[in-house]
Amino acid sequence: MNTPTSNPRIKPFWPPFVAGVVLGLVLLLTFVLSGHGLGASGAANDLVAGIGLQVAPEATRANGYLGPQVADGNPLGSWMTWEVVGVAIGALAGAFMAGRFRVQLDGERSVGAGSRVIKALAGGFLAGFGARIAGGCTSGIGLSGSAALGVSAFVFLALFFVTGMIVSRLVKGV
Amino acid sequence: MFPLNDNGMISGLLCGILFGYVLENAGFGSPVKLSAQFRLRDWAVFKVMFTAIVVAAVGLWLLRVGGMLKPDSIAVPQAALVAAAVGGALVGAGFAVGGYCPGTSVAGLFSGRMDALVFVVGVSTGTAGFAVFYAATLNALKSAGLIAEGDTFADAYEISDPVMIAILVVALIGVFFVGSWFERRKGGPVTAQEAVEGACPTA
């Protein structure tokens with residue numbers, strides 16, 4: 001389990017300033033094209049509503065949260081769903097082109113496979129639940145909302161970072 | 001006149017592909033790199049986000065004063081401050097425990113990380129859990145602390161867009177200075193090599 005020797009095929013990440021400028025331009029393009037910013041958790045919402053409509057249509061239509069969302073049909077196929085399909089394609093392309101694609105259970109060596117799976121599942125649950133309360137996640141509220149100079153976006157980011165720092169001292173996630 | 005309000009498949013795919021490509025190239029598919037922000041060893045998350053926020057905010061402002069963007073035409077999250085605070089805290093806690101947020105977990109999964117797939121399952125389960133427990137309490141939470149005057153700093157507190165952007169530029173410069181200082185003290189940012197190898201036992 002020794003550290004492998006430096007692999008020249010693995011290209012370095014972009015400098016943060018460069019990545020930030022490009023991300024800002026992508027976000028600006030998104031606003032200009034669609035009228036809203038980037039997001040991610042909204043697609044999980046559409047996925048849950050879409051699966052609910054297939055598996056338990058009556059319960060989904062009767063649900064106080066999902067019901068109004070599925071009144072006009074299946075939300076799968078929304079802009080947000082396609083955007084997240086795009087994120088998958090873009091990330092895959094980025095990882096392959098830079099020699100950074102590697103199938104692994106990241107965190108297996110540091111915290112153990114079982115612990116890592118439980119933490120990833122629990123962390124995902126907290127983030128998914130929290131995103132529905134806030135009406136978005138780090139991308140939708142934190143990034144896009146801040147660029148639109150929304151007050152709630154900065155409240156979101158402040159609590160996001162403070163809580164993240166505290167919890168990361170209590171739990172070793174990865 | 002912008003925005004085009006194009007919410008079709010091509011628009012979504014195009015924005016998403018660019019977003020995912022940047023996320024992966026910034027190193028945000030790696031939970032090691034992402035988590036290192038909370039341990040103050042790697043400030044890429046702060047640096048990239050603040051830079052992007054300033055670039056997009058300046059761009060939107062320029063388009064607006066140039067008469068190319070309709071006023072009040074882009075989506076701003078509702079100023080429900082209690083919901084933003086509680087939701088932000090939960091997403092931050094989930095990030096610290098799971099190593100990702102919803103968007104970066106997709107970047108992680110498609111750079112080969114199976115723990116990111118588990119995180120995605122968790123996000124979907126959390127979303128379903130919210131829908132199941134959605135009732136009076138959660139509904140009230142979503143509208144608590146709502147600012148009636150408006151959602152932006154200009155509408156809610158009469159802080160004009162150029163002033164807000166100036167504050168953000170100062171904050172951005174501060175993040176780069178403070179962040180780089182911490183990075184030097186704590187062993188530097190996580191490299192692509194370290195990220196691809198995965199979390200190491202001693203980290």
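## Two oblique helices

α5(A) and α5(B) are oblique to each other, because an angle that is neither under 35 degrees, nor over 145, nor from 65 to 115 counts as oblique. The angle in question is roughly 40°, and the two axes come within 8 Å. Here α5(A) covers residues 79-97 of chain A, while α5(B) covers residues 102-109 of chain B. The crossing of this pair is right-handed.

On the chain A side, the contact is made by A:Val84, A:Val87, A:Ala88 and A:Ala91. On the chain B side, B:Gly103, B:Val106 and B:Ala107 take part. Of the residues in this contact, 6 are nonpolar and 1 is polar, with no charged residue.

## The model and its confidence

These coordinates come from a predicted model. For the complex, the predictor gives an ipTM of 0.97 and a pTM of 0.96. In chain B the average pLDDT is 96, and 99% of the residues score at least 70. Where pLDDT is low, predicted coordinates should not be read in detail.

## Chain A and its domains

Chain A has 9 helices and 0 strands, so its pattern along the sequence is written with α alone, as α-α-α-α-α-α-α-α-α. Along the principal axes, the C-alpha atoms of chain A fill a box of roughly 55 × 40 × 30 Å.

Chain A is divided into two parts: domain 1 spans residues 14-103 and domain 2 spans residues 105-174. The centres of these domains, taken over C-alpha atoms, are 17 Å apart. Between them, 9 residues of domain 1 are in contact with 11 residues of domain 2. On the domain 1 side, helix α2 of chain A (residues 41-55) gives the largest share, 4 residues. That side of domain 1 divides into 4 nonpolar and 5 polar residues, with no charged ones.

## Where the chains meet

The interface between the chains involves 119 residues of chain B and 115 residues of chain A. The chain B side consists of 75 nonpolar, 34 polar and 10 charged residues.

Helix α2 of chain A also packs against chain B, where its partner is helix α6 (residues 114-133). Their axes are 9 Å apart and the angle is about 65°. The two helices are therefore roughly perpendicular to each other, and the crossing of α2(A) and α6(B) is right-handed. From α2(A), the contact uses A:Ser41, A:Ala44, A:Asn45, A:Leu47 and A:Val48. From α6(B), it uses B:Val123, B:Ser124, B:Thr127, B:Ala128 and B:Ala131. The residues of this contact comprise 6 nonpolar and 4 polar, and none is charged.

## Backbone details in chain B

The peptide bond that joins B:Phe2 and B:Pro3 is cis, with omega at about -5°. B:Pro3 lies in the segment before α1 of chain B, a helix that covers residues 9-26.

A further backbone detail is found at B:Leu40, which has a positive phi of about 70° although this residue is not a glycine. B:Leu40 sits in the loop between α2 (31-38) and α3 (44-65) of chain B.

Note on methods: Residues numbered from 1 in each chain as written. Chains lettered and ligands numbered in written order. Predicted model: local features only at pLDDT ≥ 70, side-chain atom pairs only at ≥ 80, totals over all residues. Domains from an automatic or database assignment. Contact = placed C-beta atoms within 7 Å. Nonpolar A, V, L, I, M, F, W, Y, C, P; charged D, E, K, R; others polar. pLDDT = per-residue confidence, 0-100. Axes fitted to C-alpha atoms, helices over the stretch in contact; angles between N-to-C directions. Left-handed = near helix turned anticlockwise from the far one by under 90°.
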